[in-house]
Amino acid sequence: MKRAIFPLPVFILPEGFTKLRIFEQRYLTMVKEAVQDNTGFVLCTYQHDTDLNLPEIGCLVQITDFNQDDSGQLLIDVYAEHAVSMHNAYQDKQQLRHADIELITSPSWYVNTPINDENTLLSDTLRAVFANQPDLADLYKTPQFDNLAWVVARWLEILPISLVKKQQLAFKSNFENLLSFLHTLINNEFTD
């Protein structure tokens with residue numbers, strides 16, 4: 001299936017939400033078509049050193065809400081349904097990118113896993129972050145703080161580390177190494 005592609009300096013994984021500000025005509029057209037046809041579009045991390053600045057993997061997103069900011073620009077909330085691989089990318093006459101996409105199971109570790117005693121701190125601290133960030137919490141109507149993969153994915157999305165590092169951790173690291181990284185970071189930041 002073919003979808004419009006929106007590369008941005010953002011990082012999102014399946015079951016993630018984010019808010020986007022849309023102002024360029026090509027992306028206003030993309031949003032209009034995504035809503036009209038109920039097809040969504042692909043949100044991916046902008047890459048400087050690739051053809052059309054696209055990575056191999058993105059997320060098929062659906063628009064869940066829209067509004068306008070004080071200056072009249074369109075704000076949309078999107079939900080990442082599936083990870084996808086992208087092939088045969090091209091730009092149309094508006095410079096909007098499109099590609100053939102295929103649903104994939106990625107990251108491979110993203111499997112519903114209950115929180116155990118070893119990982120309670122990851123869940124509890126993420127819950128505290130959500131409690132202190134109402135804009136973030138508002139995006140997630142049904143958070144899954146009892147699902148380890150969901151908790152890990154949300155940490156990767158919000159951590160202030162480079163997009164390259166996030167991509168490496170999500171797609172090139174095994175789950176044990178990713179957990180170890182998060183435990184080290186969270187333990188150092190949120191415990192005495």
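**View 1. The order of helices and strands along the chain.** Reading this predicted model from start to end, you meet the pattern β-β-α-β-β-β-β-α-α-α-α-α. In total the chain holds six helices and six strands. Keep that order in mind as a guide for finding your way through the views that follow.

**View 2. The overall dimensions of the chain.** Along the principal axes, the C-alpha atoms fit a box of roughly 55 × 35 × 25 Å. The radius of gyration is 17 Å, which agrees with the value near 16 Å for a compact globule, because the chain has 192 residues.

**View 3. The chain as two domains.** Here you can look for domain 1, which spans residues 2-103, and domain 2, which spans residues 117-190. Their C-alpha centres are 23 Å apart. Where the domains touch, domain 1 contributes 16 residues and domain 2 contributes 13 residues.

**View 4. The area buried between the domains.** The size of an interface is often given as the accessible area lost when the parts come together. Between domain 1 and domain 2 that buried area is about 1200 Å², with carbon and sulfur atoms giving 68% of it. Which three residues supply more of the area that domain 1 buries against domain 2 than any other three? They are Phe11, Leu13 and Phe17, with 52% of the area on the domain 1 side.

**View 5. Polar contacts and residue classes at the interface.** How many salt bridges are counted between domain 1 and domain 2? The count is zero, while five residue pairs are in polar contact across the interface. On the side of domain 1 that touches domain 2, strand E2 (residues 17-22) gives the largest share, with three residues. Sorted by class, this side of domain 1 has nine nonpolar, four polar and three charged residues.

**View 6. A salt bridge between two strands.** Side chains of opposite charge can pair when their charged atoms come close. The whole structure has five salt bridges, and one of them joins the side chains of lysine 2 and aspartate 100, at 2.7 Å from N to O. Lysine 2 sits in strand E1 (residues 2-8) and aspartate 100 in strand E6 (residues 97-104), so this pair links distant parts of the chain, 98 residues apart.

Definitions and conventions: Residues are numbered from 1 along each chain as its sequence is written. This is a predicted model: local features need pLDDT of at least 70, side-chain atom pairs count only at pLDDT 80 or more; totals for chains, interfaces and linings use all residues. Side-chain values use heavy atoms; hydrogens and water are left out. Domain bounds come from an automatic or database domain assignment. Contact means heavy atoms within 4.5 Å. Buried area is the accessible area (1.4 Å probe) that two parts lose on being put together, summed over both. A salt bridge is a side-chain nitrogen of Lys or Arg within 4 Å of a carboxyl oxygen of Asp or Glu. A polar contact is a pair of N or O atoms within 3.5 Å; within protein, one must be able to donate a hydrogen and the other to accept it, and residues adjacent in sequence count only if both atoms are side-chain atoms. Helices (H or I, at least four residues) and strands (E, at least two) are DSSP runs, numbered from the N terminus. Ala, Val, Leu, Ile, Met, Phe, Trp, Tyr, Cys and Pro count as nonpolar, Asp, Glu, Lys and Arg as charged, and the others, Gly among them, as polar. The radius of gyration is taken over C-alpha atoms; the globule rule is 2.2 Å times the number of residues to the power 0.38.
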